Amino acid sequence: MSEWNAMTYEGKDTILRVVREQAEQMFALAEQPDAWDDKTACESWEVRDVIGHLVDTMEGYFKAFEIARSGATPENAYGLLGMHERAGDSARAFRELSQMEMMTRVRKDVPHFYMGPVPAFIYAAGQLMDYGVHTWDIREGQGRAHALGSEAADLLVPFMFIIWQSTIKPNADRAPLTIGINITTGHNAGTTRVTVNQDGMSYEPGSVDDLPAVIEFDAGSMVLTAFGRVRAGTVRGDQALADRFLNLFHWI
């Protein structure tokens with residue numbers, strides 16, 4: 001199902017459609033007159049800060065596109081480990097602006113600041129992460145039962161392995177391990193072998209039947225776990241090994 005692989009050209013129309021749909025869902029929530037100061041699932045972020053984060057991120061894309069066009073040398077990547085603090089400061093910097101001004105700005109706006117030079121499709125994936133996960137954050141702040149939409153979750157699953165690769169804690173125990181990840185639902189369901197050692201994390205699709213531990217996720221739980229919004233998954237096999245793997249990562 002190549003149209004559900006957002007790392008390919010065949011998946012372009014699918015991810016752009018889902019990004020637009022997720023964005024409109026977020027805007028509908030954020031434009032409510034009494035929503036602007038509401039808390040969200042992001043620590044210290046209100047709804048207005050989610051919109052501020054999107055404005056900051058998307059307007060940063062314009063600078064990156066200009067660097068690519070001009071052939072200039074980009075600055076060193078900031079890295080995902082510091083993203084939580086820096087993104088929070090940048091998002092809250094817009095608090096003095098009105099709801100109307102910020103919603104107009106976010107509707108007009110679109111190498112990555114945190115990850116450095118990346119393939120073009122990463123920008124669409126980054127937009128889907130922002131709109132999909134932060135829309136979940138706004139709903140979580142409302143205190144009502146809710147869930148992540150299937151299309152956003154399905155498209156984001158492959159990118160969560162990249163998120164994990166980029167968020168290993170500097171002081172993490174990197175004693176070698178190999179475990180399996182089994183995505184049980186959706187267009188990108190399947191099994192992946194994940195190896196961690198002193199060089200970092202690598203992964204590849206394949207059978208996990210011979211591995212000491214396998215962690216199962218549905219698509220939505222995989223995304224929300226990788227982003228640190230929930231602690232989810234079903235462990236089959238060595239619980240201690242699976243727990244060690246899950247605690248390697250800094251949440252963003």
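This text leads from the overall fold of a predicted model to one helix pair and one residue.

The protein chain contains 8 helices and 5 strands. Their order along the sequence is α-α-α-α-α-α-β-β-β-β-α-β-α. Of the 252 residues in the protein chain, 47% are buried. The surface that the chain exposes amounts to about 12,500 Å², and carbon and sulfur atoms contribute 50% of that area.

Within this arrangement, the packing of two helices may be considered in detail. Helix 1 spans residues 12-30 and helix 6 spans residues 150-166; their axes lie 10 Å apart and form an angle of about 130°. Angles from 65 to 115 degrees count as roughly perpendicular and those over 145 as roughly antiparallel, and helix 1 and helix 6 are therefore oblique to each other. Their crossing is left-handed. On the side of helix 1, the contact is formed by Thr14, Ile15, Arg17, Val18, Glu21 and Gln22, which meet Glu151, Ala152 and Leu155 of helix 6. Classified by residue type, this contact comprises 4 nonpolar, 2 polar and 3 charged residues.

The segment before helix 1 holds Met7. Is this residue buried, partly exposed or exposed? Met7 has a relative accessibility of 30%, and because the partly exposed class lies between the limits of 20% and 50%, Met7 counts as partly exposed. Leaving aside residues up to four places away in sequence, Met7 touches Phe121, Pro158, Phe159 and Ile162. Helix 6 covers residues 150-166, and the contacts of Met7 include Pro158, Phe159 and Ile162.

Notes. Residues numbered from 1 in each chain as written. Predicted model: local features only at pLDDT ≥ 70, side-chain atom pairs only at ≥ 80, totals over all residues. Heavy atoms only, no water. Helix = DSSP H or I, 4+ residues; strand = E, 2+ residues; numbered from the N terminus. Buried < 20%, exposed > 50% of the residue type's maximum accessible area, 1.4 Å probe, protein only. Areas by Shrake-Rupley, 256 points an atom, 1.4 Å probe, with all protein chains shown as cover. Axes fitted to C-alpha atoms, helices over the stretch in contact; angles between N-to-C directions. Parallel < 35°, antiparallel > 145°, perpendicular 65-115°, else oblique. Left-handed = near helix turned anticlockwise from the far one by under 90°. Contact = heavy atoms within 4.5 Å. Nonpolar A, V, L, I, M, F, W, Y, C, P; charged D, E, K, R; others polar.
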